[in-house]
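Let's take a friendly walk through a structure together. Have the viewer open and follow along at your own pace.

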Number of protein chains: 2
Amino acid sequence: MKIREEVRRMKRVAPRIAASEEAQRNRILERIAAGLEEHAEEIFAENRKDLAAAEENQVTPAVRKRLKFDRDKLEDVKKGIRLLVSLPDPIHRVTLARELDQGLVLKRETCPIGVIGVIFEARPDALVQISTLCIKSGNCAVLKGGKETANTNRILFRIIHDAAVAEGFPEYCLLQAEQHNEIDELLECDDCVDLLIPRGSNAFVRYIMDHTRIPVMGHADGICHIYVDRDADQEKAVPIIVDAKTQYTAACNAVETLLIHRDLAPVFLPRLADRLRKEGVRLCGTKEVTDLVGGETIEDTDFREYLDLVVSVKIVGSVDEAIDHINRYGSHHTDCILTENQKTAEYFMDMVDSAGVYQNCSTRFADGYRYGFGAEVGISTGKLHARGPVGLDGLVTYKYKLYGQGQIVADYASGKKEFHFRDLNL
Amino acid sequence: MKIREEVRRMKRVAPRIAASEEAQRNRILERIAAGLEEHAEEIFAENRKDLAAAEENQVTPAVRKRLKFDRDKLEDVKKGIRLLVSLPDPIHRVTLARELDQGLVLKRETCPIGVIGVIFEARPDALVQISTLCIKSGNCAVLKGGKETANTNRILFRIIHDAAVAEGFPEYCLLQAEQHNEIDELLECDDCVDLLIPRGSNAFVRYIMDHTRIPVMGHADGICHIYVDRDADQEKAVPIIVDAKTQYTAACNAVETLLIHRDLAPVFLPRLADRLRKEGVRLCGTKEVTDLVGGETIEDTDFREYLDLVVSVKIVGSVDEAIDHINRYGSHHTDCILTENQKTAEYFMDMVDSAGVYQNCSTRFADGYRYGFGAEVGISTGKLHARGPVGLDGLVTYKYKLYGQGQIVADYASGKKEFHFRDLNL
């Protein structure tokens, strides 16, 4: 069957999932955890096939590490599922209750978004995290994982889907897309799919954003900045910058541009440059920077996302210049100020227009797990709906329920009746 | 200057507005109210020019009524502004505070969306409502009102803009677009404009949605349904349907399709048809309906938004058939069930995938004022961000602020340190 037909069926069962009770959704999660354990050896065997193929295709060891699904990873995802079960129900929560008039009661209640398409990198644990987050929040999901883990994904999906159906969810509550061309078909399902969450390279996410009318949540670029203020503690600054640049260079929250206050530059920059070079980091900078510490001179507007052991450096004259640079050239992901001056810090954090604004710590903290959300479906740099790391909260919307006893608007328009707007206890 | 240049300047001052204090924003609102009163006679004189032109151009009396800005309208908008001043600050609100580890504190804080473009119909009071909602919520706004009220809009905008600048807001905090071609220019400013809110005809909103990469909040169609359940109270049903259809036919929340349970149809439909025809409403229906009560026979899939004294009627065999019809052919705006059976009502309200789901009252209640929000910038049928009538809450987003003391991720990745995730009191 074409994916469009399947997604259409999913759309029709979505309200049943939306109306489902928490107990049923938690039972599914528990059954998934049990199913993963029960089929552990089969999963590992399928994963070995993927790993062997990766080796044959000369995939780099760093990437192969992400493909691996072993006992440790299994324990991690089971722990994640148990955490999800323990979290309060994100849907059917009443967030506003108001009597508009005698016998006319308005309630705002959280509910799932509906049908969500998630396209993610080759990481088997991501498949489990994303599908269980969707089940907990009452959403239907179309899952498309990276092809390098096709065998592992197939068995994981079957276990998860079987658990959902065994506990009474309809057949079309979850779908797996396996072919790359199905992505393009999915992009055209704007009448059935409520949200797309693409994860992956800048070019891939941009392609998705440019080729669909479905709302997209996520981020393309991750050009994160660290601004070293005049009042920075230089002892703290160096390890934070080293961590933000080198702890995991391929991450979207790795730092790409350093802005250094001019008063600090003559002393701090040489020291920082030495340390970064010791860590294998190549420096690019404006002429003012390279005059001081060498490196490749770049134009004032050429600040990129390297995702590698390279960093851009620029000298600025004030916190305002730093803010302006970040708002203009950044990607509104995560930006940090290093300063001991709390007033400057607050000013920077209010003025910088990003999902995450940090003081005196590594930009690498921008992550759902590190924020205590349990897991994340992605990180959003958009300003509507969820922003930053997206956990359960970002997978729900709300509806207004109005309970009446025959009320009509004409009576209020004519002045015969009047609203009294009395908030009720939640 | 081209609108693109002006919007670019607005984007650069937006962080200053975002960081502004509540007291300043409230002072601006008070100055606006005073300014409107002070210039009342000039406003009325400009409005008379618009009204004279409308009469000359043979604009219908119903539309002319909306163009009018007189003493009553002035008192209304002043009342609205005073209400806004009294409402709590929607920004700078901390909605999550969590210690991730010793000395590493995460806060989630509400903040404005940034630069919002609002394109609205010819209604001078709308200009005041929208701009004051934006000021209260710390947003910059580009306002484009209907050309039929150009003179009134110009003086209102000047008073509002002058008040903002007099209280210290920068020149480019608010912009007025007056030419229709400026809309197309605005649609291309996806690097500067964070959100578009178009109000107006279905075709116009759809045009906006199809011609921009900027997120759009609003609704194109308003195909609202009333389902008359087997357990409906027929005495209540007739006046509710009459109100929902006739109280203001041009509104997006007017009912367009009636779904009647088959068991009720033989008795209820003739009675309803009589009453609707007395109110001047023309009936269209499926063959089963027209066989019973006459009217124009329509195909099962031809259910339209009439915005006029016309209604579609269909007979359904169950609440599930009604739900399925609404989810498939509706516009996810506002849909109502008439029933005395609370279980059926809850089932319908959970299963119908719309911004508003009602029991036993008119769909015409779907409105920011009637929900007690003070005012609205529009009604959203999207599922991301704000849904239903959008007041101050829908004009804010949030950012994560992380305060550290030199923490780096490597320490947590290596197990040297551990997160303890302790929520702090708000």
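What follows goes from the overall picture to a helix pair, a few loop residues and the relation of the two copies.

This is a predicted model, in which local features need pLDDT of at least 70 and side-chain atom pairs count only at pLDDT 80 or more, while totals for chains, interfaces and linings use all residues. Residues are numbered from 1 along each chain as its sequence is written, chains are lettered from A in the order in which they are written, and side-chain values use heavy atoms, with hydrogens and water left out.

**Chain A as a whole**

Chain A has 15 helices and 17 strands, where helices (H or I, at least four residues) and strands (E, at least two) are DSSP runs numbered from the N terminus. Along the principal axes, its C-alpha atoms fill a box of roughly 75 × 70 × 35 Å. Of the 426 residues in chain A, 61% are buried; buried means under 20% relative accessible area, exposed means over 50%, and partly exposed lies in between, with a 1.4 Å probe and protein chains only. Among the contacts in chain A with a separation of 6 or more, 72% join residues 24 or more positions apart. Contact here means heavy atoms within 4.5 Å.

**Helices α5 and α6**

Now turn to helix α5 (residues 71-86) and helix α6 (residues 124-136) of chain A, whose axes come within 10 Å and cross at roughly 10°. That makes α5(A) roughly parallel to α6(A), the word used for angles under 35 degrees. The axes are lines fitted to C-alpha atoms over the stretch in contact, and angles run from 0 to 180 degrees between N-to-C directions.

From α5(A), K73(A), V77(A), I81(A), L84(A) and V85(A) meet D125(A), V128(A), T132(A), L133(A) and K136(A) of α6(A). By type, the residues of this contact are six nonpolar, one polar and three charged. In this scheme Ala, Val, Leu, Ile, Met, Phe, Trp, Tyr, Cys and Pro count as nonpolar, Asp, Glu, Lys and Arg as charged, and the others, Gly among them, as polar.

How enclosed is α6(A)? Twelve of its 13 residues are buried, so α6(A) is largely enclosed by the rest of the structure. The buried residues include P124(A), A126(A), I130(A) and C134(A). After α6(A) comes G138(A), with a positive phi near 75°.

**Three loop residues**

The table places three residues of chain A in their loops.

| Residue | Loop between | Relative accessibility |
|---|---|---|
| Q58(A) | α3 (40-56) and α4 (61-67) | 71%, exposed |
| G218(A) | α9 (202-210) and β7 (224-228) | 9%, buried |
| H332(A) | α13 (319-329) and β12 (334-338) | 23%, partly exposed |

Q58(A) has a positive phi near 55° although this residue is not glycine. H332(A), again a residue other than glycine, has a positive phi near 60°. Leaving aside neighbours within four places in sequence, G218(A) is in contact with I379(A), S380(A), T381(A) and G382(A).

**The two copies**

Finally, compare the chains: a rotation of 180° with 0.0 Å of shift along its axis superposes chain B on chain A, with an RMSD of 0.1 Å. That is the relation of a two-fold axis. The same surface serves both copies, since 100% of the contact residues of chain B recur in chain A. Superposition is by least squares on the C-alpha atoms of residues with pLDDT of at least 70 in both copies. Which residue of chain B comes closest to the rotation axis? H385(B) does, with its C-alpha at 1.9 Å.

Terms used:
Parallel < 35°, antiparallel > 145°, perpendicular 65-115°, else oblique.
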